[in-house]
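Let's take a walk through this model together. Keep the viewer open and follow along as we go.

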Amino acid sequence: MRPESATTELVSDWSLLERIVRKDETALSQLYDRYSGLVYSEAKRILRDAGAAEEILQDLFYQVWRTAEKFDAARGSLAGWLLVAARNRAISKLRRKTGKTEELVENGVRVSGDLESQASQNLLLDKVKAVMGSLPSGQREAVEFAYFEGMSHSEIAEKTGQPLGTVKTRIRTAMETLKQVLS
Amino acid sequence: MTNGAHIRDEELQLLAIGAMPESEAAALLAHASGCGECTRRLAEERGLAAMLAFAAPRETPPEAVKTALMARIRTEKEAEAAANRAPRTPAAAQSEGRPRGGWWQWLLVPVTAGLIVATGLLWREDQQLSERLDESNHRIASMQVEQQKAAALIDTLSAPETVSVKLAGTPETEKALAVVRYNPRRGVVLYTAELPPLPADKTYQMWLVPSNGAPISAGVFTPQAEEGRHLWQAEVPKDVAVKAFAVTIEPAGGVAQPTGPKVLIGAA
């Protein structure tokens, strides 16, 4: 794990994770307060079922509690991993698929911005909403079908009646726009 | 698949956002697992795709989820502490004081082998018991959440300040109906609705219409006829003077302010 930054007033995710490894309940509580809203919102948007989203939320943070020592900072961001893992679990549930639980070490997720403070989360929220609002409807629709509905590019092409190449281009263009705004 | 030795950017983006069919994704992931450069680029693309989570309408999870999570880990900690406190067996304590040497040492070989086998069996049993304990803890925690939610629901429904409003359909949706219960002091809205299903890219959205100011979202919902009547719950700002409730059809995921057609409305 990465050493704690001494310059930030906010307790870093890494510091909280180190305390969770030592079975400090208050650290898990702080980490939960920091990201539960994001994780829950994402899972609920995918599943449109509050109960199922709550189940994913609890299970995910329980997994952090049980396997915190396996997380390696070199593989990326804890916040990013939480969002990706929540999305994958919700999509599996939505599509009635059974997937194995993601190990903390398996999926590297590198987030360029800071997600640790509420202010930075609010800023990202505004930026992402603005990008999504500004995208042409075809691009926005393609990205939402992929990320929130778990559809493959060929499923999106079939659903929207667009050629496969068009769907791929729309997704790519939308993601490039998002990358430019967030970078 | 690759440009030179590496996965193309386009493929990485589709993989990261989850739009790559499973068969193609498996081949790309197999390559990435042995390629440091593609692993790094995939982690970056996954990080970018994860930001799409911010496009979801912001919701606050019920407090009961955290309560159940903390209860779950506390139960587990207590169980582990109890296991660590368990006393050693008298046989184990006796063997430590036994003198060494003598012909009977050879008897220790089969005995030790037997003990190793027995230890293995006990370890496996212990693992199975631990897994069962985990499952039980999970079930208990889930039941605690459900119980707390049910208690909170009953409490809200029976509170004297909770108002009940029936929403009626518009001329286009005259068979539709919904019942809303709103507790202004707690900022909680509960509702049930009978509405026709919508295409996947649309959703119903419930609104509080205050006496002053813009409508306030009380969440999106999808009627599921096969599961019977469903009760939705939303947290909204407290102490709002509400003059009406309405339901509109909006793009999937909901919107900040109503844009679609009104299908239900009722005065508070």
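Is C35(B) buried or exposed? With a relative accessibility of 11%, C35(B) falls under the 20% cut-off, so C35(B) counts as buried. Please keep in mind throughout that this is a predicted model.

While you have that cysteine on screen, look for its sulfur neighbour. The nearest cysteine sulfur to C35(B) belongs to C38(B), and it lies 3.6 Å away. What keeps this pair from being counted as a disulfide? A disulfide calls for two cysteine sulfur atoms within 2.5 Å, and the sulfur of C38(B), at 3.6 Å from that of C35(B), is therefore too far away for a bond. C38(B) has a relative accessibility of 0%, so C38(B) is buried as well. Over all chains, the disulfide count under this rule is zero.

Now zoom out to chain B as a whole. Its fold contains six helices and 10 strands. Chain B has 268 residues, and 36% of them count as buried. Among the contacts in chain B with a separation of 6 or more, 61% are between residues 24 or more positions apart. The area that chain B exposes comes to about 15,500 Å², with carbon and sulfur atoms supplying 58% of that surface.

Next, find a loop in the same chain. T170(B) sits in the loop that links β3 (163-169) to β4 (177-183) of chain B. Although it is in a loop, T170(B) has a relative accessibility of 14% and so counts as buried. Which residues does T170(B) touch, once those up to four places away in sequence are set aside? They are K262(B) and V263(B).

Finally, turn to a place where the two chains come together through helices. Two packed helices can be described by the angle between their axes and by the distance between those axes. Here helix α8 of chain A, residues 164-182, packs against helix α3 of chain B, residues 36-50. The angle is about 85 degrees and the axes are 10 Å apart. That angle lies in the range of 65 to 115 degrees, so α8(A) and α3(B) are roughly perpendicular to each other. On the α8(A) side, the contact is made by M175(A), L178(A), K179(A) and L182(A), while α3(B) contributes E45(B), L48(B) and A49(B). Sorted by class, the contact has five nonpolar residues, two charged ones and no polar ones.

Conventions
Residues numbered from 1 in each chain as written. Chains lettered and ligands numbered in written order. Predicted model: local features only at pLDDT ≥ 70, side-chain atom pairs only at ≥ 80, totals over all residues. Heavy atoms only, no water. Axes fitted to C-alpha atoms, helices over the stretch in contact; angles between N-to-C directions. Helix = DSSP H or I, 4+ residues; strand = E, 2+ residues; numbered from the N terminus. Parallel < 35°, antiparallel > 145°, perpendicular 65-115°, else oblique. Contact = heavy atoms within 4.5 Å. Nonpolar A, V, L, I, M, F, W, Y, C, P; charged D, E, K, R; others polar. Buried < 20%, exposed > 50% of the residue type's maximum accessible area, 1.4 Å probe, protein only. Areas by Shrake-Rupley, 256 points an atom, 1.4 Å probe, with all protein chains shown as cover.
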